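The exercises below concern how two parts of one chain meet. Work through each task before reading its solution.

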Amino acid sequence: MATAAVNGVSVRYGRRTIFTDVSLALPPGSFTAIVGPNGSGKSSLLRIIARVQRPDAGSVSPAEGVALVVSTVNPPSDVTPRELADYGLALRRPWWRLRPTPGDETAVAAALARTGLDDRADDPVAQLSAGEVQRAWIAAALATSARTLLIDEPTTHLDLRYQVEILDTLRSLTASGVAVAAAIHDLTLAARFADTIALLAGGALVSGPPLEVLEPDALRRAFGTGVSVHRHPDHGYLVCLPR
Amino acid sequence: MTRPRHKRTVALAALAVAAAVAACAALAFGSVGVPIGALAFAAAHPNTTSLAHTIFWDLRLPRVCIAACVGAGLGVAGVMLQALFRNPLVDPYVSGVSAGAALAATLGIAAGMSFAVVPAVAFVGGLACAAVVAILGAGSGATGNLRLVLAGVAVSALCSAAVTLVLLRLEPSSELSVLSWLAGGIGGRGWLELRWSGTYLAVGFAGAATLVHQLNALRLGTSAAAGLGLNVDGARWRVLSLAALITAACVAVSGVVGFVGLMVPHGARRLVGGDIAWLLPTSALGGAAVVIVADALARSIAPPTEIPLGVLLAIVGVPFFLAVARRPVEL
């Protein structure tokens, strides 16, 4: 299975360099949390991996099976998760095939099941919770047989329960070999759910296991404020708090 | 709410019947009273000569067909552009087509061109202006369409200023011709205009049918659509150029007929929901019915004077526009 990766990519907006010579690989079954201060280029990096944006330098691989979930916009309120999940597939059908093929219907049903939306599949999104809408977006990406799922700020605007629900959903996808990369602001949640942390700050990227990357000095340099990092006494995962 | 499939089919069929009834009524009634029996005879015998024959074959039938084409065209272009811009207040003229066509037609009339040529000149002017808008608005990437909207507004304002400048320097008789063209209407158009604008519309409609999936994806927003695999820049060009072609074909034959491209997609959306596959045919039929009825009224309310079609539709359209702006509207 191909690993989505970027090699030595750089991004500039006008004269401002966002990051240079960034490399990151997303192996199958991995969960990578991209963290870093505002404006460090997390969203740009996701768009580059998804080939929605061209880097100013460097290379991106592969072209197929990568979907970017942009869930900050609400879908039209009359759309159902089943319809939403078919929109990406529909782009891959010939124009005269307006209805989903039997194969597409199976893929949509499977994607809805994997995101736990089977029983809400035909309700308009206006009647769904914020977490369910988020999962419907993820289902739309999964239905296209994406093997690499990129998601920008999946927990924004969600309360704690839905944050955990979405991250649990993403985590469960990695068990079937899907590579997940999510831009996340909450360092503790990132450490709790991801196996790799990619810290993007000051124009450079450092990636590795949470314990290696989420290190107080590095975080202070990245965010410009003191961060204390503790291990949870019972569960062992990292807890990051501002000083 | 998502409508069940059979309800949408019923709505579409009902609209087709309504358009057909409107067409029959528009053929049967007009400023000149002709017995319906005589019209029916003329309709069944195309090779006879009589007043009823002339009225049916040379005046009313082409006019009803043009009204249907213009209404369907503006309805379809409205759906396409509202989906592209994710803005329910966008109408086909945001592409700059009407402003360009108006300027070209004004210059054509000012230069003394015959009225047979003016629609063709307007068509070319409309497309040229849409191209300028598209070029100025290019490069928005997957981030949005704001630059495109601004370019449309700016170029349209420039064209309007130029039209005013030309109008001020015209002879009163030419000025009247320009004003009546700008007000919109189908009076005096015949088979020739129908033939060539119909050809462009057929191309535009066929093209629009191939964009259903892309338009549905664009309803989610350009970023989300790009994330699902849509080449947003390519789709934007296709939608914009086909909508401009359709609108230019309409404007060239009818002048600037406002509000149809804005009102009809909203009505259609309330009938069949937002799915583009249903919305395009529904909006086409709805637009055809609206313009057929409006044109019949425009020529029948105060004969022999014709109320400009654009004026009549604006009188209905403005309250509708205000109501739309006040209520939450879905795409």
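**Exercise 1.** How many salt bridges are counted between domain 1 of chain A and domain 2 of chain A?

*Solution.* The model is a predicted one.
- Step 1: set out the domains. Domain 1 of chain A covers 1–65 + 147–243, and domain 2 covers 75–145.
- Step 2: apply the cut-off, a side-chain nitrogen of Lys or Arg within 4 Å of a carboxyl oxygen of Asp or Glu.
- Step 3: read off the pair. A:Arg135 and A:Glu165 join their side chains in a salt bridge, at 2.8 Å from N to O.
- Result: the count between domain 1 of chain A and domain 2 of chain A is one salt bridge.

**Exercise 2.** Find which element gives the most residues to the side of domain 1 of chain A that touches domain 2 of chain A.

*Solution.*
- Step 1: list the elements. On that side of domain 1, at least two residues each are supplied by β6 (148–152) and α5 (160–174) of chain A.
- Step 2: rank them. α5(A) gives the most, with six residues.
- Step 3: sort the residues of this side by type, which yields nine nonpolar, four polar and three charged.

**Exercise 3.** Describe the extent of the contact between domain 1 of chain A and domain 2 of chain A.

*Solution.*
- Step 1: take the separation. The C-alpha centres of domain 1 and domain 2 of chain A are 26 Å apart.
- Step 2: count the participants, with 16 residues from domain 1 of chain A and 12 residues from domain 2 of chain A.
- Step 3: take the area. The two domains bury about 1000 Å² between them, and 67% of it lies on carbon and sulfur atoms.
- Step 4: add the polar contacts, which amount to four residue pairs between the two domains, both residues at pLDDT 80 or more.

Note on methods:
Residues are numbered from 1 along each chain as its sequence is written. Chains are lettered from A and ligands numbered from 1 in the order in which they are written. This is a predicted model: local features need pLDDT of at least 70, side-chain atom pairs count only at pLDDT 80 or more; totals for chains, interfaces and linings use all residues. Side-chain values use heavy atoms; hydrogens and water are left out. Domain bounds come from an automatic or database domain assignment. Buried area is the accessible area (1.4 Å probe) that two parts lose on being put together, summed over both. A polar contact is a pair of N or O atoms within 3.5 Å; within protein, one must be able to donate a hydrogen and the other to accept it, and residues adjacent in sequence count only if both atoms are side-chain atoms. Helices (H or I, at least four residues) and strands (E, at least two) are DSSP runs, numbered from the N terminus. Ala, Val, Leu, Ile, Met, Phe, Trp, Tyr, Cys and Pro count as nonpolar, Asp, Glu, Lys and Arg as charged, and the others, Gly among them, as polar.
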